[in-house]
Amino acid sequence: MANQIGKMANIKPKKVNLFFWLLTFEFLLLTSLAAPAVAVDRLKLRLGPFEQSVRVADLDRFAKTGELSAALKPFSFLLTSSVREAFSQRLQLDPNLTDKFIENWLRSPMSEPLLRALKRAIPDFSIEQIQAAIAVAARQANGITLIGILRSLPGETVTVDATEAIAVALQFNPSYWQSHALGPLLERELTVETSPFRASVDPAAPGEERVIKKTLTFEDRQRDRTIPVDIYYSDNSTGSLVVMSHGFGADRTFLEYLARHLASHGIVVASIEHPGSNYTSVSRASVSGEPSSLIPPSEFIDRPKDVSFLLDELAKINERPGALQGKINTQKVTAIGHSLGGYTALALGGAEVNLDYLRQACKSMFAIDSNRSSGNSRNRENLSLNSPLLPSPGEWLQCAAAELPDRKLQLRDDRIAAAIALNPLIGQLFGPSRPSQGNSGLRKVVIPTMILASTEDAFTPAIAHQLQPFTQLGSTKYLLTAIGATHLSVGNPGNYGRNTLLRERIGEEAEPLRQVVKGTTLAFIKQLTPEAKNYEPFLTPAYAQSLSTSQLPLRLNAELPAIVFQWLNLAAVL
């Protein structure tokens, strides 16, 4: 397939990429923020309520020199080196095949959502006008360029919704589109023919216990970290302990509905907040082209250590007189994490970070300068987004860990008896995702594990961050797949996802996912108790399918069918 596209497009060798033709149109979105043109004299940029008219000459100067005019400075945080790189891209088509190329693209499954996205980013033009502009630009003697597409739009001024443009740019990366395209295959191949599911109890329904919430704050003086924790429990709590770890830029309330659900069934839940990667720390960060400007590399170590520190403190509380005395079993813990919290849960469960592999992977995605400072054993990786092939946010963020010191990380905590990773950020953090590439650090996980994958997750696309890693797990494992769900669909309804750049499927439309997460999570945790057998039916494909809707198909599997496994291997090659 890659060879056929390469021949049709007649792309120069260094530009050859399976997704280049798609990314050419993605670059339109990026350089609608900064694209020099002849016919269009000015661009009107909108960022929320803010609107700024910008001269094309100023944008041209930025493209060539990186210099920002006064009018462009409010957009400086958007005009990264990857935007400048996009200006030089050119898709040189064979004149004899141009019409066929455009015709095939317009008929492809990817054209419709992309054209709709372009319409949102360039709101004053119809889809038909955008189609026509792409077709006209494709017939230029020097090939398709972003300038050519802009020049082919009617009028003298182009209005761009910068927020929509960024949202689309974040979505249009190879990992996202591979995962998105896999959705129909997963829906079909993961379906199991069963009788209608029936059970005498509903594990997604609230339990009988009255939930009590208590907020505690712990000081880890050795690491200089203040760690707030919400404890959810009941008067009759016994048995298992659950620790919840939030994602990057979130806080300890992200999964509060799940914490309350588990506590209503007699389970003690400790929802921890990580001070180096919560909402407050991220909102105060000074953003640059490097992921370490948003998250300290040490956070990949500190997060698991936060949980281990918390377990030490809770063990002490369990021995003291008080409401929680005798209720906290810190020797048999289920770690639940979302996104970066999913990484945290897996690291605690034994997954080993592979710094060498991560650095090589990041170097292939980005331009990285490495040097070893004299007298310092730390291998400093200076990472900048110079590649025109935009990665997903998760792929970018993981590369902050490339700056960690050269030593084997000891993050496993033997008190963690099971792990649930919801939309986890994994990527290359634990090494290769295919056996042919070497041993994965995920093979060190020997505890029961459940992973949630959402096919329209643009932050941590399902293939690289959940599906391929799932195949590496060797212990008892479950894959919960939500076809059509997004990164934040599993979170508290209404609290998250409304102010993000990406369009998130949240609220009522994601309620079936939250229901199946409540039911399967309770059943999963109960496997560590004498009630295990009673809850086994809720860890079956039939249970997940019983909660499915046509808009949000849900699947639960212990292994992947051969055809899906083969597709994942092919995606890894591409």
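**Aromatic contacts and internal cavities**

In the predicted model, the aromatic pairs come to a count of 7. One of the pairs joins Tyr-478 and Phe-524 in an edge-to-face arrangement, with 6.2 Å from centre to centre and 85 degrees between the planes. This contact links distant parts of the chain, since Tyr-478 belongs to strand 13 (residues 477-482) and Phe-524 to helix 18 (residues 511-526), the two residues being 46 residues apart. Tyr-478 has a relative accessible area of 17% and, because the cut-off for burial is under 20%, is classed as buried; Phe-524, at 3% relative accessibility, is likewise buried.

An edge-to-face pair is also formed by Phe-538 and Tyr-543, whose ring centres are separated by 5.3 Å and whose planes are 80 degrees apart. Both of these residues, Phe-538 and Tyr-543, are buried, and they belong to one aromatic cluster together with Phe-197 and Tyr-535. A contact of another kind involves Lys-477, which lies over the face of Phe-470 at 4.6 Å from the ring centre.

Turning to internal space, the model contains 5 cavities of 30 Å³ or more, and the largest cavity holds about 60 Å³. The lining of the largest cavity is made up of Met-244, Ser-245, His-246, Asp-251, Arg-252, Thr-253, Phe-254, Leu-255, Ser-271, Ile-272 and His-338, to which strand 6 (241-245) and strand 7 (268-272) each contribute at least two residues. By residue class, this lining divides into 4 nonpolar, 5 polar and 2 charged residues.

Methods
Residues numbered from 1 in each chain as written. Predicted model: local features only at pLDDT ≥ 70, side-chain atom pairs only at ≥ 80, totals over all residues. Heavy atoms only, no water. Phe/Tyr/Trp six-rings, centres within 6.5 Å; stacked < 30°, edge-to-face > 60°. Helix = DSSP H or I, 4+ residues; strand = E, 2+ residues; numbered from the N terminus. Buried < 20%, exposed > 50% of the residue type's maximum accessible area, 1.4 Å probe, protein only. Lys NZ or Arg CZ within 6 Å of the ring centre and 35° of its normal. 1 Å grid on protein atoms, 1.4 Å probe; cavity = no way out; pocket = protein on both sides within 12 Å on 5 of 7 lines; lining within 4 Å. Points joined across faces, edges and corners; volume = space filled by probe spheres on them. Nonpolar A, V, L, I, M, F, W, Y, C, P; charged D, E, K, R; others polar.
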